[in-house]
Amino acid sequence: SFPTGRSSDLEAVAKFEAFLNNYGTDPTVAEAVEQVKPLLALCKIRLADYGGAGALITEVLAQPKLEPKLRDELSFWKGVILLQVQAYEEARKAFLAYYQTPEFQQARRVESILLYGTTYILENDHKQAAPFFEQQAPRLWDLSHEAALRAQTLRLNSLLELNQLPEAKALVATLQPLMDEVTQIVSLHGLTADLGGRFLDAGDFYSSIFCLQRVWPAQRLLKHQADRIDRIKRELATLAARPGGEALVFAKKNVLTRIEREHKAFSASTDFDLGVRMRLGFAYLGLERWREAALVLEEALTLPGDPKQQAQAGMAVVQCWLQLKRHDRCVASADGWLLKFEGKTEPGDAARVRFLMAQAHYDAQDFLDAARVFEELTQKHPEHELAPEALLMAGLAQLMADQHDPAVRLLAEVARRHPKLPVAEDASYWHGMAYSFNGDHLECREHMAGHL
């Protein structure tokens with residue numbers, strides 16, 4: 001008899017192997033040899049020596065008088081070990097044989113169905129995995145809601161791998177009312193967010209919104225998982241005090257391990273919410289639903305994550321408010337963007353934001369502010385593709401503000417700097433009109449003659 005623990009298992013393995021080396025072929029102790037071999041296999045399993053355990057298990061399972069509990073446990077571990085060593089076809093046979101033995105533990109029989117399907121995923125054979133989990137859904141639902149929902153999470157992953165987006169969307173809709181029962185809820189919501197992104201990339205904006213609106217915020221997901229971990233720990237404590245509850249304890253511990261692993265990994269992520277809100281906002285943009293896009297992307301700006309993504313969201317917010325003719329909010333958003341992101345993103349981003357800001361001033365008939373920002377753009381970003389148009393707009397804004405001399409200066413500068421671009425012809429025309437507006441008719445005729 002040995003206590004549990006790695007050092008104890010190592011000691012047990014050494015003593016069991018020594019016994020077998022000395023007496024393994026002695027017929028007078030054959031019964032003792034048969035008793036030692038399954039114990040040695042279990043020790044090797046705990047030490048993750050799957051190669052050594054696998055060979056022993058095959059030998060032990062051939063024993064006609066093997067204790068039923070040991071036959072149950074080692075039959076299950078036979079499939080797990082074959083899976084670990086990537087012998088997937090043999091693993092499926094082992095799991096099928098385990099499930100088809102009704103006297104084996106019910107919890108492990110349920111697990112054997114999931115592991116059977118998991119072998120297809122590990123082989124990257126999603127064409128087999130997706131229909132398998134769909135086919136097993138009714139049986140699993142009758143046996144265990146938790147296992148059934150775990151299987152459907154695996155099915156959703158396979159549908160995404162197969163790019164079967166409509167089927168994946170239908171599955172998301174089916175699972176939506178059952179979220180409180182889902183064990184690996186972070187994985188499910190992560191896959192749903194990925195599906196929403198796939199629809200966005202494909203231009204199916206309505207389906208993208210359908211999926212992304214159903215994704216919980218990170219804090220809600222973490223709280224849900226933390227509450228579930230506490231509840232399972234309380235259930236385990238209760239089960240441990242009851243005799244004959246080993247099968248349920250085994251199942252619950254497996255569930256707990258999966259949730260704790262998922263919770264730890266997700267806790268380290270900082271940009272989940274930002275990614276979801278970005279995708280949702282850009283789906284609304286695709287439908288030209290400017291207000292919804294602006295509100296969603298403004299929220300994204302408050303979330304932690306990659307500054308480049310935040311800057312992209314901020315630029316879209318500026319554009320949305322301009323489209324909605326909310327010039328005050330457009331200017332405020334642009335001003336905030338420049339304070340936060342200028343010099344920290346792509347070189348041309350600040351120029352685009354300034355152009356949108358100046359356009360908002362112009363559309364609001366704040367012509368002097370528009371001229372100031374347009375001209376500032378040409379000074380700070382002289383090589384940017386928007387610089388020629390910004391210089392023209394600066395001149396027009398001064399003209400609209402009845403500032404004749406600055407307008408003429410800027411319009412003449414357009415023709416001087418960019419004589420071969422279309423803006424030069426526009427600037428020349430308005431240069432002549434500026435003389436007309438100012439009552440300088442002779443200068444106007446002379447300029448227009450040259451223009452024509």
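Student: In this predicted model, which residues of H7 are buried?

Tutor: The buried residues of H7 are His126, Ala129, Ala130, Phe132, Phe133, Gln136 and Leu140. They pack against two helices, H6 (106-122) and H8 (145-161).

Student: How do you know that H7 reaches close to its expected span?

Tutor: Helix H7 covers residues 126-143, 18 in number, and its first and last C-alpha atoms lie 24 Å apart, against an expected 26 Å at 1.5 Å a residue.

Student: And where does H7 bend?

Tutor: The bend, about 50°, is at Ala137, and a proline, Pro138, follows within four residues.

Student: Let's turn to H6. Why is Glu111 called buried?

Tutor: Glu111, which sits in helix H6, has a relative accessibility of 12%. Buried means under 20%, so Glu111 counts as buried.

Student: Which residues does Glu111 touch, not counting those up to four places away in sequence?

Tutor: Glu111 touches Phe76, Arg150 and Arg258.

Student: Now the cysteines. Why is there no bond between the sulfurs of Cys330 and Cys320?

Tutor: A disulfide needs the two sulfur atoms within 2.5 Å. The closest cysteine sulfur to that of Cys330 is in Cys320, 9.8 Å away, so the pair is too far apart for a bond. A search of the whole structure likewise gives 0 disulfides.

Student: What makes Cys330 count as buried or exposed?

Tutor: Its relative accessibility is 0%. With the cut-off for buried at under 20%, Cys330 therefore counts as buried. Cys211, at 0% relative accessibility, also counts as buried.

How values were computed:
Residues numbered from 1 in each chain as written. Predicted model: local features only at pLDDT ≥ 70, side-chain atom pairs only at ≥ 80, totals over all residues. Heavy atoms only, no water. Expected span 1.5 Å × (residues − 1). Bend = angle between axes of the 7 residues up to and from the residue. Buried < 20%, exposed > 50% of the residue type's maximum accessible area, 1.4 Å probe, protein only. Contact = heavy atoms within 4.5 Å.
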